[in-house]
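Here is a quick tour to read with the model open on your screen. Take the topics in whatever order suits you.

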Amino acid sequence: MSAAFQGAEYCWMNGEVIETEKALVSAMEPIFLGIFEGIKAYVEGDILKEGPLNIFQWKPHIDRLWHSANVHGIRIPYSKDELLEATKATIKENGFKSNVYIQPRIWPKGGSGPSRYQPEDFHVVIPTWTFDTLLGKGNPRLSTERRFMVSSWRRIASDALPPQAKCWANYANSGLATREAYRLGYDGAIFLDFRGFVSEGVGACLAVVRDGKVITPPVTASILESVTRNSFLEFIPDDLGIPVEVKDITRVELYSSDEAFLHGTGGEVTPITSVDDIRIGDDYPGPVTREIAEYYSEILAGNVEKRKTWLTPV
Ligand code: PMP
């Protein structure tokens, strides 16, 4: 977690809310397999203030956790409703009044081995963090300049380690790209997929704006089926009247975009100043990126009536 994230005093572990420092596991446990979700809850009314919280897109996040579990032979010993109640209980025990990042994690305790795991063989832990948002009207953090490079590492392919299942192992690939970018003096990396088309960022999906249209790569470009991306594909055309297209993007199309931004739960909307030192567009952040980020903040705050169904009160 970056410095902007602050770990919470209490977490939920295997059925109860406990002090985070007492959430201990054995050093003998296998550490090769684990799945997780990254979810956020935002303050109602104004996400830059304090107040009651709503979880954004609980259902698609928890459904994706179940899909990740199925792919990797993990059997979750709780129901989706039980994990929602667990998440609410954790947030309440911590007394949070500002935006919260929630990361349900599931991994084997050990014992019988991957093909024979029983539901009771898994830990389910829900740690939480408060964080500084990039979003919100007038928030200067959105406008920080960010230089990216196209990584020399390709994004993992679906027929090797499926990026659509949110498994920790996928992030070893992300770590290679991030370390390369930092070593070379950039703020972050952008992956190409195994075919050479633009895939995604590190822990976030990518979109470009070209001639007034928002374009984002398809799921077949080795991306995670992002909850943020799916929400954007719905509200950008329907609510803002900006056309969107899902299609493969070449490296040159990325370079010659009017605007480019990453989007995902963790990094929210992260505008891209340049790629491989080629400046993207004239304004930073570009007007379309800014409009999307500001409208998204209003959705998260529960100020957009038709999108309130995306929010679950804590
Ligand atoms: N790609 C990867 C690899 C990610 O880890 C994330 C963050 N979960 C995303 C994309 C964005 O997905 P979401 O909008 O569901 O957070």
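What follows is a briefing on a sheet, some strand pairings, a helix pair, a few salt bridges and one loop residue.

Keep in mind that this is a predicted model. Two good places to begin are the open sheet of five strands and the contact between helices α4 and α6. After that, have a look at the salt bridges, of which a search of the whole structure turns up 21.

**The five-strand sheet**

- Reading across the open sheet, the strand order is β3-β2-β9-β8-β4, and the pairing is antiparallel.
- Which strands stand at the edges? They are β3 (16-19) and β4 (35-36); each has a single partner strand, so one side of each has no neighbour in the sheet.
- Strand β2 (residues 10-13) runs antiparallel to β3, and four bridges join the two.
- To find your way along that pair, look for methionine 13, which sits opposite glutamate 16 in β3.
- Helix α2 (residues 80-94) packs on this sheet, where it touches β2, β3 and β9 (122-126). The direction of α2 makes about 160° with that of β2.

**Strand β10 and its partners**

- Strand β1 (residues 5-7) is joined to β10 by three bridges, and the two run antiparallel. Here phenylalanine 5 has phenylalanine 131 of β10 as its bridge partner.
- Strand β7 (residues 100-102) also runs antiparallel to β10, again with three bridges. In this pairing, tyrosine 101 is matched with tryptophan 129 of β10.
- Side chains of β10 go two ways: Thr128 and Thr130 point one way, while Trp129 and Phe131 point the other way. Are these four buried or exposed? All are buried.

**Helix α4 against helix α6**

- Helix α4 (residues 227-240) packs with helix α6 (residues 287-300) at an angle of about 105°, and their axes are 11 Å apart. That angle makes α4 roughly perpendicular to α6.
- On the α4 side, the contact is made by Thr228, Phe232, Phe235, Ile236, Asp239 and Leu240. On the α6 side, the residues are Glu291, Ile292, Tyr295, Tyr296 and Ile299.
- By type, the residues of this contact split into eight nonpolar, one polar and two charged.

**Salt bridges worth a click**

- Lysine 80 and aspartate 63 meet through their side chains in a salt bridge, at 2.8 Å from N to O. Lysine 80 belongs to helix α2 and aspartate 63 to helix α1 (residues 58-71), so the pair ties together parts that are 17 residues apart in sequence.
- How do those two differ in burial? Lysine 80 counts as partly exposed because its relative accessibility is 31%, whereas aspartate 63, at 18%, counts as buried.
- Glutamate 253 and arginine 210 form another salt bridge, at 3.9 Å from N to O. Glutamate 253 is in helix α5 (residues 251-255) and arginine 210 is in strand β14 (residues 205-210), so this pair ties together parts that are 43 residues apart in sequence.
- Glutamate 253 counts as buried at 18% relative accessibility, and arginine 210 counts as partly exposed at 25%.
- Glutamate 234 and arginine 307 also meet in a salt bridge, with 3.3 Å from N to O. This pair links distant parts of the chain, 73 residues apart: glutamate 234 is in helix α4, and arginine 307 is in the loop between α6 and β21 (311-313).
- Glutamate 234 counts as partly exposed at 37% relative accessibility, while arginine 307 counts as buried at 5%.
- Which residues are linked in a network of salt bridges? They are Glu234, Asp239, Lys306 and Arg307. Asp239 also appears among the α4 residues that make the contact with α6.

**Serine 143 in its loop**

- Where is serine 143? You'll find serine 143 in the loop between β10 (128-131) and β11 (147-150).
- Serine 143 counts as partly exposed, with a relative accessibility of 30%.
- Leaving out residues up to four places away in sequence, serine 143 touches Tyr284, Pro285 and Arg290.
- Serine 143 and glycine 286 are 143 residues apart in sequence, and their C-alpha atoms are 9.8 Å apart in space.

Terms used
Residues numbered from 1 in each chain as written. Predicted model: local features only at pLDDT ≥ 70, side-chain atom pairs only at ≥ 80, totals over all residues. Heavy atoms only, no water. Axes fitted to C-alpha atoms, helices over the stretch in contact; angles between N-to-C directions. Parallel < 35°, antiparallel > 145°, perpendicular 65-115°, else oblique. Contact = heavy atoms within 4.5 Å. Nonpolar A, V, L, I, M, F, W, Y, C, P; charged D, E, K, R; others polar. Pairing = 2+ DSSP bridges. Salt bridge = Lys/Arg side-chain N within 4 Å of Asp/Glu carboxyl O. Buried < 20%, exposed > 50% of the residue type's maximum accessible area, 1.4 Å probe, protein only.
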